[in-house]
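Subject: Structure handover

Hello,

Here is the structure you are taking over. My notes on what was found in it follow below.

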Amino acid sequence: MILDEWKWLYSNTKTNFRVIAIKGFWDMYDPEGYSLWFCDYKYNDENTVSFVNLNKVSGFLQRMDLARKYAFGKTLIIGSQPPFKVKGLWLFRGKEIPQFVLDECYDMELYEWTKVDVSDEAQKELVNQMIEDHEPFEGEALLDAKCFK
């Protein structure tokens with residue numbers, strides 16, 4: 001998998017996103033060289049002010065800049081009323097989350113990390129929905145969606 005090719009496809013697909021970008025992602029995805037991870041913010045009950053929550057997520061993505069060459073991420077802020085939920089999807093080079101990311105980005109410990117089982121069709125569909133900012137997501141509106149590429 002050439003990560004920059006995926007990022008280019010993601011950024012430049014304007015129509016038929018699921019048909020072009022999502023299919024392209026799975027055609028490119030290399031489970032031997034990359035891994036997918038779901039992350040769930042551990043303290044969603046504290047997410048009561050929308051702009052504070054958006055700033056928190058933006059700060060996390062800024063601090064992840066050290067992994068730009070090795071990662072792609074989507075973060076969804078979910079809900080039309082507080083408390084808002086924060087969930088993410090990350091693609092990392094390698095079979096595990098890179099140690100330098102765990103060491104350098106303190107926000108990582110604020111999330112519960114679960115490796116995606118790509119043989120599970122339900123998890124694959126969740127990946128698809130997160131990549132495309134599908135709304136409603138898990139039955140709720142999206143307040144915002146942020147991309148790390």
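Strand 2 is covered on both of its faces. On one side Ala71, Gly73, Thr75 and Ile77 are buried, and on the other side Phe72, Lys74, Leu76 and Ile78 are buried as well. In a regular strand the side chains alternate between the two faces of the sheet. Since 8 of the 8 residues of strand 2 are buried, the strand is largely enclosed by the rest of the structure. Please keep in mind that this is a predicted model.

Strand 2 covers residues 71-78 and is joined to strand 3 by 8 bridges, with the two running antiparallel. One of the pairs is Ile78 with Lys85, its bridge partner in strand 3. The hairpin of strand 2 and strand 3 has 6 residues between the strands, and Gly79 there takes a positive phi near 125°. Strand 2 is also joined to strand 5 (residues 142-148), by 6 bridges and again antiparallel. In that pairing Lys74 stands opposite Cys147 of strand 5.

Strand 3 (residues 85-93) is mostly covered too, with 7 of its 9 residues buried. Strand 1 (residues 34-41) runs antiparallel to strand 3, and 7 bridges join them. Here Phe38 stands opposite Leu89 in strand 3.

How are the strands ordered in the sheet? The sheet is open, has 5 strands in the order 4-1-3-2-5, and its pairing is antiparallel. Strand 4 (111-115) and strand 5 are the edge strands, each pairing on one side only. From one strand to the next the twist averages 15°. Helix 3 (residues 50-63) packs on this sheet and touches strand 1, strand 2, strand 3, strand 4 and strand 5. The direction of helix 3 makes about 10° with that of strand 5.

Now the helix pairs. The axes of helix 1 (residues 3-12) and helix 2 come within 10 Å and cross at roughly 175°. Angles over 145 degrees count as roughly antiparallel, and helix 1 and helix 2 are therefore roughly antiparallel to each other. Helix 1 contributes Glu5, Trp6, Leu9 and Tyr10 to the contact, while helix 2 contributes Phe17, Ile20, Ala21, Gly24, Phe25 and Met28. By type, the residues of this contact of helix 1 with helix 2 are 8 nonpolar, 1 polar and 1 charged.

Helix 2 (residues 17-28) also meets helix 5 (residues 121-131): their axes come within 11 Å and cross at roughly 125°. Helix 2 and helix 5 are therefore oblique to each other, and helix 2 passes helix 5 in a right-handed crossing. On helix 2 the contact is made by Phe17, Arg18, Ile22, Phe25 and Trp26. On helix 5 it is made by Lys124, Glu125, Val127, Asn128, Gln129 and Ile131. The residues in the contact of helix 2 with helix 5 divide into 6 nonpolar, 2 polar and 3 charged.

One loop residue is worth a note. Val116 lies in the loop between strand 4 and helix 5. Is Val116 buried or exposed? Buried means under 20% relative accessible area; the relative accessible area of Val116 is 9%, so Val116 is buried. Leaving aside neighbours within four places in sequence, Val116 is in contact with Leu36, Trp37, Phe38, Leu89, Gln123 and Val127. Among these contacts, Phe38 and Leu89 are the residues that stand opposite each other in the pairing with strand 3. Val116 and Leu126 are 10 residues apart in sequence, and their C-alpha atoms are 9.6 Å apart in space.

Regards

Key:
Residues are numbered from 1 along each chain as its sequence is written. This is a predicted model: local features need pLDDT of at least 70, side-chain atom pairs count only at pLDDT 80 or more; totals for chains, interfaces and linings use all residues. Side-chain values use heavy atoms; hydrogens and water are left out. Axes are lines fitted to C-alpha atoms, for helices over the stretch in contact, and angles run from 0 to 180 degrees between N-to-C directions. Helices (H or I, at least four residues) and strands (E, at least two) are DSSP runs, numbered from the N terminus. Angles under 35 degrees count as roughly parallel, over 145 as roughly antiparallel, 65 to 115 as roughly perpendicular and the rest as oblique. A crossing is left-handed if the near helix is turned anticlockwise from the far one by less than a right angle, and right-handed if clockwise. Contact means heavy atoms within 4.5 Å. Ala, Val, Leu, Ile, Met, Phe, Trp, Tyr, Cys and Pro count as nonpolar, Asp, Glu, Lys and Arg as charged, and the others, Gly among them, as polar. Buried means under 20% relative accessible area, exposed over 50%, partly exposed in between (1.4 Å probe, protein chains only). Two strands pair if DSSP finds at least two bridges between them.
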